[in-house]
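Open the model in your viewer and keep the sequence panel beside it. The tour below gives one selection at a time and says what is there.

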Amino acid sequence: MIRFWIALFLGKIIYYTLKLFSQDATTLPGKIALIIDPFFIKKISKRIKNIILITGTNGKTTTNNLLFSLLRKNNYKVLGNLEGANLKSGIATCYIKNPKIFDFATFEIDEGIFPKILEDISPSIVVITNFFRDQLDRYGEIDITVNRIFKALEEKKGIKLVLNGDDPFVARFQALPHEKIFYGIKEKIRDEDSDIKESIYCPKCGKKLFYEYFTYAQLGRYSCSCGFKNPEYEFYIKNINRKDSQNFSIIEKDTEVSLSFKYPGIYNLYNVLAGYAVGRIIGLSPDNLRENISSFSFFLGRFEKFIYKGKDKIIILVKNPTGYNQVLDMIRGDPSDKILTLILNDNIADGRDVSWIWDVDFEKLKEDKSIKKIYCSGKRGEDLMVRLKYAEIPLDKILLVKSLRKAINLSLSSPYKAFILPTYTALFKTRKLLLRKGKNGT
Ligand SMILES: [Zn+2]
């Protein structure tokens, strides 16, 4: 036990030192604590009665932030890694910051390390959002990731699984003996379809899946001649307002609840569904959930709005092609004149291999007259420039601005609305630069 206390003590000293110099303190304290005591997470997580883990490729941070806020509004004591530090070091840091007794913990867990985390933590609920191509250089194929998570869960009893049934990859988890709660969208929401499909082959027999419609990427209503299809949903969305997708109904048995969510995008509907389902499972009422989902605001980073000289300057974190395409769709749906600032880093947390930007449909932007300028920045800003040139974006619209500070200043001084899209490690600095000058508006 002495190792544990030293780990906690040193972790705290590092945490407060970093804070003192306003450095990013979301992972290093945990990293050091885990070196001193490799069982640090296992020991400290015993202090929390109910732990909810959220994994998958996209939507983890939003779902996690939403759940955290739903629980907090009901006066529960909750611990959560809201800033998206979702590797072991981030979880350990989260505990170091708050080594108290909590009713709930909600952690987003990187899908690659999820099996390792299950060795240390015994969750009561696990949410699986979806599986897309994400940082392949770290994990290899999706199949491997899915199988590893499947095996890890198989060995662990007593977990309720909350699963996105619209994703055939997640629907594979039907085969687990656990209690399973599925959610999805039961409505065709768009006519065109140009997104990437990771795989539309049946996970059971390998034949090509038949789709009635797609919601986004490989998510949608599917079936196979072998009998594999969307599972029965306990919670599903219908009656989506197709203009902004921000008003819709959630249906649970005979109850229909009308909701609104202030963040646009189809992907956010899935995040709301996951949050709603978990809320119901732990006993929150539909009315309570409706009210708190409608009033939900992010703490930071994911669609954060700053106002500068009367213009919106919006930060949205991007990290893989599917998420990026969804963000571009949302931007294209906004008719106001705007500029974009794209920031690409290749640190470990971003993924070292940046070739994924070739799977982002920047081609969608080439005809868009409302986009006045696109700045490319970050350690790999040049790669973005090359990508945009290949996408045939007019050359007079794109500009390389290597210094992040300069790029942010340009975004702020522009007379237009600005969308600023950083990868993970650029997010903190981007926020800091914006906070210095803009007024936080969300
Ligand atoms: Zn099949």
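**A residue with two partners**

Select Tyr236 and Ile251 in strand 10: the two stand opposite each other. The model you are looking at is predicted.

Now show strand 9 (residues 235–238) together with strand 6 (residues 179–185); they run parallel and are joined by 3 bridges. Add Gly184, which stands opposite Tyr236 in strand 9.

Next, extend the selection to strand 10, residues 247–252. Strand 9 and strand 10 run antiparallel, and 3 bridges join them.

**Two helices**

Move to the start of the chain and select helix 1 (residues 2–20) and helix 2 (residues 28–36). At what angle do their axes cross? The angle is roughly 160°, and the axes come within 8 Å. Angles over 145 degrees count as roughly antiparallel, so that is how helix 1 and helix 2 lie to each other. Helix 1 passes helix 2 in a right-handed crossing.

To see where they meet, show side chains on both helices. On helix 1, pick Arg3, Ile6, Ala7, Leu8, Leu10, Gly11, Ile14, Tyr15 and Leu18. On helix 2, their counterparts are Leu28, Pro29, Gly30, Ile32, Ala33 and Ile36. Colour this contact by class: there are 12 nonpolar, 2 polar and 1 charged residues.

**The whole protein**

Zoom out and colour by domain. Domain 1 covers 2–294 and domain 2 covers 302–440. How many Å separate their centres? Taken over C-alpha atoms, the centres of domain 1 and domain 2 are 26 Å apart.

Conventions: Residues numbered from 1 in each chain as written. Predicted model: local features only at pLDDT ≥ 70, side-chain atom pairs only at ≥ 80, totals over all residues. Axes fitted to C-alpha atoms, helices over the stretch in contact; angles between N-to-C directions. Helix = DSSP H or I, 4+ residues; strand = E, 2+ residues; numbered from the N terminus. Parallel < 35°, antiparallel > 145°, perpendicular 65-115°, else oblique. Left-handed = near helix turned anticlockwise from the far one by under 90°. Contact = placed C-beta atoms within 7 Å. Nonpolar A, V, L, I, M, F, W, Y, C, P; charged D, E, K, R; others polar. Domains from an automatic or database assignment. Pairing = 2+ DSSP bridges.
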